[in-house]
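How does one read the fold, the disulfides and the salt bridges from a set of coordinates? The dialogue below takes these topics in turn.

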Amino acid sequence: MRVPVRHAMLVAWTLCAAAACGGGGGGYGGGGGGGTGNGWTPGVFLPESHWAAQCAAPRSGTDPVTHQPYPDVAGTSVDENNWQRSWTNDLYLWYSEAPDLNPGNYTTVAYFPLLKTSATDAHGQPKDKFHFTYPTSTWEALATAGMNVGYGAQFIVVQPAPPRKILVAYTEPGSPAVMAPASLARGASVLSVDGVDAVNANDQASADTINAGLGPATVGESHTFSILDQGAATPRVVTLQAVNVTDVPVQDVMVLSGTGTNIGYMLFNDQLATSEAALINAVNTLKANPTPITDLVIDIRYNGGGFLDIASELAYMIAGAGPTAGRTFELQQFNGKHPSTNPVTGSPIAPTPFHTITQGFSTTAGQALPTLDLPRVFVLTTSATCSASEAVMNGLAGVGVQVIQIGSTTCGKPYGFYPQDNCGTTYFSIEFQGANAQGFSTYPDGFTPGGSGGASFPGCVVNDDFTRALGDPNESLLYVATHYAQTSTCAIPPAGIAPPAPSASIAIRSPLREMRLLRRDAAPPR
């Protein structure tokens, strides 16, 4: 059985229907699944290979990515559950904290969400917030081509409980969101979705309608929005139809003028395969400036992560060979069953280095990467900055490159995984924790600007400013960053210092865009 896209998305970002959002909780009930004749013995696990590709609905034909025949054979949902159980016991970072539940008592969809730790952190939040599945075809479309179903507008829920505040954070060039008559732009507020009051509705049915409109599941799906544009006095009605949107991961590459120095800027939203070529082009554009840039501002406030190898490439292109030669970008630490051997590849555990050549995601592998050779970098962050984007910050700090953080605390995901397909569903379960060259990996609550301690960087706390376009020199985060580059002080931006947000903002995106991914078929590290 394949897991519906809608189900996985709602696990990640369901809006609060009540007046306030509570902590933890949730979960799935048991029952309803395949009987108990599967020979289940608590604490006894056959290798996952014993159950692999035994499918209730086996696929036929050839995998469009690997170009190999699907390995599926006829099986049952209990066989699929047994594979999940053994795979979790072998690879899950906190396998000893995962419950051992009878695979015959659950449907395939209901079983996997239970196979994780129920522990909470010091703040009462789930220890594991990143456990999900997706149809393999959906995952492959996003990972390899940057394609996902949507309108081309990234929505941000600044306040998830009524009175809600849902804004457009940015748009994808050429997408339905930016084309007339929609013409959405950063800062536009969503007032209603399909006739439901998106600001004040406080029942679950209304929240479900809002979620369905903000995150469409299928191509061709249409939803109607009441939109109040930034600076407008009267709302307007917009109908958006979902398409396969190709993300443009790097935008607005420029050298800022009028700052007294040459400060490069780029908006970097996703670390997908297409990001490799886009980042190289961005660095080459900045290098081509008649006067070399003295600083770089990377706007990763909405970057949820992606491939760790691309994070490594970017970090090398920022710092150059000086501080990175022969150094560790990130070392993967697996569970205690696998102290020295990578359990997925079977190779000795070796750190991901700072890649000096292209890895072949969207370019020809083996080409020398351009470098900016900068001793410091400014990063613009919010709570939507996650996973592999945090790895860029941590990896550079590990080799002595100064990271200056402007914005707010990041999401806190020092964890990652190898995506694993079985029977047409790709499973994402935390398998490792990533440490930099100094061995630091403890930031489950995120990196904080201007704080003290290991999980912080010098910089300034600044709330996200939706009154100006990204890349506008007077936009609050960028304004503070450029002034800090010249004065080492936190300036007051033109929009002023807004009061702290009542809760961390939520990016309306699937879990597929909040990841730190390794590739089992990657070339040897370089």
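The turns that follow pair each general idea with its case in this structure.

Q: What kind of model is this, and which cut-offs apply to it?

A: This is a predicted model, in which local features need pLDDT of at least 70 and side-chain atom pairs count only at pLDDT 80 or more, while totals for chains, interfaces and linings use all residues. Residues are numbered from 1 along each chain as its sequence is written, and side-chain values use heavy atoms, with hydrogens and water left out.

Q: Where does pLDDT stay under 50?

A: The score pLDDT is the predictor's confidence in each residue, from 0 to 100. The protein averages 87, and 86% of the residues score at least 70. Over residues 514-518 the pLDDT stays under 50, although the model has 42 contacts there beyond four places in sequence (contact: heavy atoms within 4.5 Å). Residues 522-526 are also below 50, and this stretch has 10 contacts beyond near neighbours in sequence.

Q: How many helices and strands does the protein have?

A: Helices (H or I, at least four residues) and strands (E, at least two) are DSSP runs, numbered from the N terminus. The protein has 10 helices and 28 strands. Among contacts between residues at least 6 apart in sequence, 72% join residues at least 24 apart.

Q: What share of the residues counts as buried?

A: Buried means under 20% relative accessible area, exposed over 50%, and partly exposed in between (1.4 Å probe, protein chains only). By this rule 54% of the 526 residues are buried.

Q: How many disulfides does a search of the whole structure find?

A: A disulfide is a pair of cysteine sulfur atoms within 2.5 Å. The search finds 3 disulfides. In one of them, the sulfur atoms of C55 and C423 lie 2.0 Å apart. This pair links distant parts of the chain, 368 residues apart: C55 is in strand β1, and C423 is in the loop between β21 and β22. Both cysteines of this pair, C55 and C423, are buried.

Q: Why is the disulfide of C55 and C423 left-handed, and which hand has the link of C386 and C411?

A: The torsion about the S-S bond of C55 and C423 is about -85°, so that disulfide is left-handed. The link of C386 and C411 is right-handed, with 65° about its S-S bond.

Q: Is C490 buried or partly exposed, and what of its partner C460?

A: C490 has a relative accessible area of 45% and is therefore partly exposed, whereas C460, at 3%, is buried. The sulfur atoms of C460 and C490 are 2.0 Å apart.

Q: How many salt bridges are there, and which residue pairs with R59?

A: Side chains of opposite charge can pair when their charged atoms come close. A salt bridge is a side-chain nitrogen of Lys or Arg within 4 Å of a carboxyl oxygen of Asp or Glu. The count comes to 11. R59 pairs with D421, the closest N and O atoms being 2.9 Å apart. R59 lies in the loop between β1 and β2 and D421 in strand β21, so the pair ties together parts 362 residues apart in sequence.

Q: Which residues form salt bridges with R301?

A: R301 meets D464 at 2.7 Å and E475 at 2.9 Å, N to O. Salt bridges that share partners join R186, D299, R301, D464 and E475 into one network. R301 counts as buried at 0% relative accessibility, as does E475 at 0%, while D464 is partly exposed at 22%.
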